Every structure is written in structure tokens, then in C-alpha cells.
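Colleague: I have a few questions about how the labels on this structure were assigned. Could you walk me through the reasoning behind them?

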Amino acid sequence: MRRTLSDLLKMKRNDERFTMVTAYDYTSAQLVERSGIPVVLVGDSLGMVFAGHETTLPVTLDEMIYHCRAVVRGARSALIVGDLPFNTYPDADTGLRSAARLLQEAGVQAVKLEGGREVCSIVSRITRRGIPVMGHIGFTPQSVHAFGNKIVRGKNIDDARALLDDALALQDAGCFAVVLECVPSALAEEVSAALAIPTIGIGSGLHCDGQVQVWHDMLGLYTDFVPRHVKRYARLAELIEAALKQFDEEVRSAKFPAANTGPRVKASVVEQLRAERVEA
Ligand code: KIV
């Protein structure tokens, strides 16, 4: 049975922490499924970690639909949330159309969008149509050019108040959960206590109801850049690189494939072929 929004609400009420992790393809979705992690985010971070763009801005709705479809096929019991990419919810009508496409064409159960009070009319339009929405405040990568290097939000009283007001407004607009990205831990604790819906933190300390990590970060698929809030639970880049080097070395030294392991053909067939070549 697939996880539902009410499972998350129940966990919040029972003070049970939970996890969400990103997945962008069928293979990773299957692995998440086997781990028992209850929520999968097909994040527009795929624009950076999967496609190699510098920001999430170039990601299109069609690309999100393609990736969401693969994840939906791989994860049968997790709740799957698909990101609405940049400029796919500039107003309520467009936002509703984009969200509906993610549900209808890709089969996700919920969408996520970035922003606070300024997106609440869009959120309520979408949720009133029965499409669950996850909010995302704090650092919002789709606004990277507006905020520049200022990653941590809510450090002074005005910003802190604004963040709390944004969270409460998103809840009132119908969000079933809110991601808090790079919010000071003490402020994330206050926001989590003020909301009846779960908060899901990334770089926001210990006191959120859930925690989300990006697949490539937490599994150590990148070695050059590791954000401060990431914990690498594995070092897959090193394992994969070693395996690839071993494959290359074994082919060059004729250790792989092992002798006599391929499909067989009768010796007479090869002999005849050889004889024909000699005659020619
Ligand atoms: O796109 C994404 O992966 C996200 C998470 C970092 C929360 O929004």
C-alpha cells in the first residue's frame, strides 16, 4: 500500500521523525523502495546533479514528467512528490495546469513548489482541485539569481518573522508539508512547533519533523563539492571509479571475459569458415 499524506500527519502527531530522499530514475527509485524510506522527491535538483546544469532553472516540465514516470515505475509504496520547475507556476491557472500534468501524465501523488506568501494563491488553487502540495521555503534554488550568495535565511528578527509567516500561510493555503532549506536550527524548531503539518529539513538542524537529502550528495557520488549540511552515508564515487578502472584493466590484460564463457559454436563451423577464407 502506498504511503499517504495522512501517514505523514500521523507521524507528526506521534512525534515520529521520517525521511525523504530524491530519486530521478527507475533504478534509484527501486533502491529507495527497498530501504523503506516513505517519501521520494523527484526534485528539480536533477537539473544540477543529473544533467550537469549550474542551477535548477533550465529544467522543464516535460523533463520532470519523464523522470517522474521512471520513479513512479520503480517505487510502488513510497509517496512520490514531483517538483514543479521554475516558471511553471507563474500564476494560479498555469500552476494548476502544470501540477495536473505531473499527476496525470507521470503518476506522482503530490507536487512541490518554492516560495512563501507570494505563492499562496497558487497553492490554494491547486489544493482546492485535490492536488496535494508540499511547500519549500528558506533557501529556494529557483530564486538563486535574486538571492545571490545569501543562502541561510531567517538570521535577523524581520527575516525570522517573515519565514514563520510564510510557513503559516502555506499551511493555511493547504500545503500538507513544508521543506525548510538552510534555516537556522533554532528557527526551524520554532516553525516546526508552530505548524500542524510536518516540516522537512535540509541544512536546517535536528528539530524538523523529517529530513530530506539529495541522492547524489548522501551517497557520495560527487567528490569535488559536498555542501556543509550533507552527510555522506556511502562513498559510491570511489567504489564506482575503482570498479570501472578494474574493468578497463582486465579487458586490456585479457582477464575479462574469462575464457570459454561466451555462446558456443561447433568447431566444424569455424573450420569451414576458415577454409573458405583461405580459398578466397
Ligand atoms: O530539488 C530538490 O532536490 C529539492 C530538495 C533539495 C529539497 O528541492
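Colleague: Happy to start with the ligand. How far is an oxygen atom of the ligand from an N or O atom in the side chain of D83?

Modeller: In this predicted model, the distance at D83 is 3.1 Å. A polar contact needs N or O atoms within 3.5 Å, so the D83 pair qualifies.

Colleague: What makes D44 and K112 polar contacts of the ligand too?

Modeller: The cut-off again. From an N or O atom in the D44 side chain to a ligand oxygen is 3.2 Å, and a polar side-chain atom of K112 lies 2.9 Å from an oxygen of the ligand. Both values fall within 3.5 Å, so both pairs count. As for cover, the ligand taken alone exposes 260 Å², and the protein buries 96% of that. The residues around the ligand include T22, L41, G43, H136 and V214.

Colleague: Why are F247 and F256 called an edge-to-face pair?

Modeller: Two values decide that. Their ring centres are 6.0 Å apart, and the planes meet at 75 degrees. Pairing asks for centres within 6.5 Å, and edge-to-face for an angle over 60 degrees, so the name fits on both points. By this rule the count comes to one aromatic pair.

Colleague: Are those two rings buried, exposed or partly exposed?

Modeller: Partly exposed. F247 has a relative accessible area of 48%, and F256 has 43%. Buried means under 20% and exposed means over 50%, so both residues belong in between.

Colleague: How do you know that R153 sits over the ring of F147?

Modeller: R153 lies over the face of F147, at 3.8 Å from the ring centre. The distance limit is 6 Å, so this value is within it.

Colleague: What is unusual about the bond joining F256 and P257?

Modeller: That peptide bond is cis, with omega about 0 degrees. Most peptide bonds are trans. P257 itself is in the loop between helix 11 (236–252) and helix 12 (267–279).

Colleague: Which sign does phi have at C182 and A254?

Modeller: Positive at C182, where phi is near 55 degrees, and positive at A254, also near 55 degrees. Most residues other than glycine have a negative phi. C182 lies in the loop between strand 6 (177–181) and helix 9 (185–194), while A254 is found in the loop between helix 11 and helix 12.

Colleague: Why is C182 called buried and A254 exposed?

Modeller: C182 has 9% relative accessibility, which is under 20%, so C182 counts as buried. A254 has 66%, which is over 50%, so A254 counts as exposed.

Colleague: What does the side chain of S204 reach at C182?

Modeller: The backbone nitrogen of C182, at 3.2 Å. A polar atom of the S204 side chain also lies 2.8 Å from the backbone oxygen of L180. Both distances are within 3.5 Å, so each meets the distance limit for a polar contact. S204 is in the loop between strand 7 (199–202) and strand 8 (210–213), and its relative accessible area of 1% is under 20%, so S204 is buried.

Colleague: Finally, how far apart are the centres of domain 1 and domain 2?

Modeller: They are 49 Å apart, taken over C-alpha atoms. Domain 1 covers 5–234 and domain 2 covers 239–279.

Definitions and conventions:
Residues numbered from 1 in each chain as written. Predicted model: local features only at pLDDT ≥ 70, side-chain atom pairs only at ≥ 80, totals over all residues. Heavy atoms only, no water. Phe/Tyr/Trp six-rings, centres within 6.5 Å; stacked < 30°, edge-to-face > 60°. Buried < 20%, exposed > 50% of the residue type's maximum accessible area, 1.4 Å probe, protein only. Lys NZ or Arg CZ within 6 Å of the ring centre and 35° of its normal. Domains from an automatic or database assignment. Near = heavy atom within 4 Å. Polar contact = N/O pair within 3.5 Å; in protein donor to acceptor, adjacent residues only side chain to side chain. Areas by Shrake-Rupley, 256 points an atom, 1.4 Å probe, with all protein chains shown as cover. Helix = DSSP H or I, 4+ residues; strand = E, 2+ residues; numbered from the N terminus.
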